[in-house]
Amino acid sequence: MTSKKGNKNYYKGRGARTLGKYTSKGFRFEPEKVPEIVVPDLTGFELLPYVARNTPRGTLLRQKQTPSEVQKTA
């Protein structure tokens, strides 16, 4: 849908949030609108980033395996 096909309040944009407001003096930046990304500390985290669907519940892979080794154990 384009902005010409919407009603008078439709603003397409690009899916991003605004970081302030437009005023008669220009753009007014609002710091409270800046998204805050919280990332936990993962040092010492034992899990691998990918867990196969056929992994039995409660197991933990201790060594890295090649794809052919994983297929043999499945």
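Gly20 has Phe29 as its bridge partner in strand β2. The model in which this pairing appears is a predicted one. The contact belongs to an antiparallel pairing of strands β1 and β2, which is made over four bridges. Strand β1 covers residues 20-23, and strand β2 covers residues 26-29. Two residues sit between the strands, and together β1 and β2 form a hairpin.

The hairpin strands belong to a short list of elements. The protein chain has two strands and one helix. Read from the N terminus, the order is β-β-α.

Next comes the surface. Of the 74 residues in the protein chain, 3% count as buried. The chain exposes about 8,100 Å², and 54% of that area is supplied by carbon and sulfur atoms. A nonpolar patch of about 540 Å² also lies on the surface. Its makers are Leu19, Tyr22, Phe27, Phe29 and Val34. Phe29 therefore appears twice in this account, as a member of the patch and as the bridge partner of Gly20.

Tyr22, another patch member, lies in strand β1. Is Tyr22 buried or exposed? Tyr22 counts as exposed because its relative accessibility is 72%, and the cut-off for exposed is over 50%.

The structure also holds one salt bridge. Lys33 and Glu30 form this salt bridge, and their closest N and O atoms are 3.7 Å apart. Side chains of opposite charge can pair when their charged atoms come close. The two partners fall into separate classes of accessibility. Glu30 is buried because its relative accessible area is 8%, and buried means under 20%. Lys33, at 32%, is partly exposed, since that class lies between the cut-offs for buried and exposed.

The table lists the residues whose accessibility has been described.

| Residue | Relative accessible area | Class |
|---|---|---|
| Tyr22 | 72% | exposed |
| Lys33 | 32% | partly exposed |
| Glu30 | 8% | buried |

In short, the predicted model has a hairpin of β1 and β2, a nonpolar surface patch that includes Tyr22 and Phe29, and a salt bridge between Lys33 and Glu30.

Note on methods
Residues are numbered from 1 along each chain as its sequence is written. This is a predicted model: local features need pLDDT of at least 70, side-chain atom pairs count only at pLDDT 80 or more; totals for chains, interfaces and linings use all residues. Side-chain values use heavy atoms; hydrogens and water are left out. Buried means under 20% relative accessible area, exposed over 50%, partly exposed in between (1.4 Å probe, protein chains only). Accessible areas come from the Shrake-Rupley method with a 1.4 Å probe; for residues, only the protein chains shown count as cover. Patches are made of residues with over 30% relative accessible area and no salt bridge: like charges are joined within 9 Å, nonpolar side chains (Val, Leu, Ile, Met, Phe, Trp, Tyr) within 5 Å. A salt bridge is a side-chain nitrogen of Lys or Arg within 4 Å of a carboxyl oxygen of Asp or Glu. Two strands pair if DSSP finds at least two bridges between them.
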